[in-house]
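Hi everyone, thanks for making time today. I'd like to walk you through a structure that is new to most of us, so please have it open as we go.

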Amino acid sequence: MTTLTRRTLLQRTAASAGALIVPSFTTAADGQTIQHMTIKPATQVLFEDAASPLWTYEGRTPGPVVRATKGERVRVRFTNHLDEPTSVHWHGIRIENRMDGVSGLTQDPIQPGESFTYDFLAPDAGTYWYHAHNRSWNQVARGLYGPLIIDEPDLPFPKDRDITLILDDWRLNHEGVLDEESIGSLHDWSHAGRLGNWLTVNGESLPTHTLQQGKPHRLRLINASNARTLQIDPTLFKAKVLAYDGQALPEPSAVPGSPLLIAPAQRVDLLVVPQEGFSVEEVSGDEGFAFLRFDLQGDTGDPVPVPAISQNSILEPDLENATLHSLAMEGGAMGGRVAIRHKGQILEREEIMATGQFWVMNGDAGLTDTPFFRAKRGETVILEVINSTAFDHAMHTHGHHFRILAPNGASIDETEIWRDTFLIGPRQTIRIAFVATNPGKWLFHCHMLEHAAAGMNTWFEVIG
Ligand SMILES: [Cu+2]
């Protein structure tokens, strides 16, 4: 029995031409309409004709696009038909803390058979997503995620040239079916997380989509993978970057280098003005893996101007009057001997294996009773993250976007952009800064979901 690789999977498959359709619903502007979603098991083909048992919002992964216009109220009522509790996190959007969806920190999980209504105002336009935030390493691996798109009021790109592409890295077994047996593997937890061997786009295998020749398109890429940092080269199709993590740049900007890294949970909005058809490849392997094809229709005709996207207003950090908090990340495989404190106790070796706690942040694995830090509302926080582990991590602040103060080794000039998730490499130190604007209890964790489950999870509190 051979282990499938991307390549062997690719060789086995005939190019399919699935439509890139995600069911969509739009939240009513008056906020009076509540959308309903059931959270339930369903089967779905991820590879050839093999049906995988998944967990879904409304019977399909990704779940329906939740779409509203900036400033509108979003209300979605979820009913849990799984056998385990869940909750729903709205990733990257600066909403009220009690709607943030973190089981055990901002809400009690939604028990089997029960419902919960998420109800918030969408303060910012941009590309976001929602996903399960209870046992996420399990629930997201099984398909519990979907896009959250908040439109600019002036709709800069017409809907038919505004395309959401939610990407996922699946681990399939030798039959091309979701490998359930390895979900929760402690090897994954202590190493690079759950890496897969097959990519889907909006739940489709190797789809082909049609663009309009010579016209500007917005491609909203969302990485929903548990742990894989996707690498693509947008210069191959002459793309520019419109936005990172939902936040528009002042103007479309050249892709600063190749490859462009999209860490788990990160988003990149690309501008393409296609003159010929093209494929998008994932380039981290020895050879590129083309996972998405664009064909063109129409002819170039008169040039269409590239729309400008208005920026959200996010308070600039006041670095002169900031409070510095340092966070040392240690542990994991090849990380040397590290004392692991979990729920106040230093774990013995067998307890580490029993609890799966391999990583620490400032000595602690998992959430502590008291926060990593407290900040007054309006205070600028500088977070210094020191990665002493042998692995990459994708660090996510809930409820806040930040500036990156120190270069992270990527080729992007990240000081010019806002992010809600940053990638940090082994032995790197990165400082981020943000104004603590949003009261409540917020997670700061690795979005490589096995790392979060295995200890890389802390929280901070904004008071006032
Ligand atoms: Cu990590």
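I'll talk about a metal site, then two pockets, and finish with a single residue.

One thing before we start: what you see is a predicted model.

Let's begin with the copper ion. Which protein atoms hold it? The donors of the copper ion are ND1 of His393, SG of Cys446 and ND1 of His451. They lie 2.0 to 2.1 Å from the ion. If you like to read sites from the sequence, the spacing of the donor residues is H-x52-C-x4-H. The two histidines link distant parts of the chain: His393 sits in strand E28, residues 393–397, while His451 belongs to helix H5, and 58 residues separate them. Are these histidines buried or exposed? His393 has 0% relative accessibility, so it counts as buried. His451 is buried too, because its relative accessibility is also 0%.

Now, on to the pockets. The largest pocket has a volume of about 500 Å³. It is lined by 21 residues, and the closest to its centre are Arg135, Trp137, Ala452, Ala453 and Asn457. Where in the fold does this pocket lie? Domain 1 (13–155) and domain 3 (319–463) both contribute to its lining, so the largest pocket lies between them. Helix H2 (136–139), strand E32 (440–446) and helix H5 (449–453) each provide at least two lining residues. Helix H5, which we just met through His451, gives the largest share of that lining, with three residues. As for chemistry, the lining has eight nonpolar, 11 polar and two charged residues.

Let's turn to the second largest pocket, with a volume of about 410 Å³. Here 13 residues form the lining, and those nearest the centre are Arg337, Val338, Ile340, Arg349 and Ile352. Which element gives the largest share of this lining? That would be helix H4, residues 349–355, with three residues. The make-up of this lining is eight nonpolar, three polar and two charged residues.

Last stop: Gln107. You'll find Gln107 in the loop between strand E6 (88–91) and strand E7 (115–121). Is Gln107 buried or exposed? The relative accessible area of Gln107 is 8%, and because the limit for buried is under 20%, Gln107 counts as buried. So what does Gln107 touch? Leaving out residues up to four places away in sequence, Gln107 contacts Ser87, Gly101, Val102, Phe116 and Tyr118.

That's my tour. Thanks for listening, and I'm happy to go back to any part of it.

Technical notes:
Residues are numbered from 1 along each chain as its sequence is written. This is a predicted model: local features need pLDDT of at least 70, side-chain atom pairs count only at pLDDT 80 or more; totals for chains, interfaces and linings use all residues. Side-chain values use heavy atoms; hydrogens and water are left out. Helices (H or I, at least four residues) and strands (E, at least two) are DSSP runs, numbered from the N terminus. Buried means under 20% relative accessible area, exposed over 50%, partly exposed in between (1.4 Å probe, protein chains only). Contact means heavy atoms within 4.5 Å. On a 1 Å grid over the protein atoms alone, a cavity is a set of points where a 1.4 Å probe fits but cannot get out, and a pocket is an open set with protein on both sides within 12 Å along at least five of seven lines; lining residues have an atom within 4 Å of a point. Grid points are joined across faces, edges and corners, and a volume is the space filled by probe spheres set on the points. Ala, Val, Leu, Ile, Met, Phe, Trp, Tyr, Cys and Pro count as nonpolar, Asp, Glu, Lys and Arg as charged, and the others, Gly among them, as polar. Domain bounds come from an automatic or database domain assignment. Donors are N, O and S atoms within 2.8 Å of the metal (3.2 Å for Na, K and Ca); water is not among the atoms, so sites may look incomplete.
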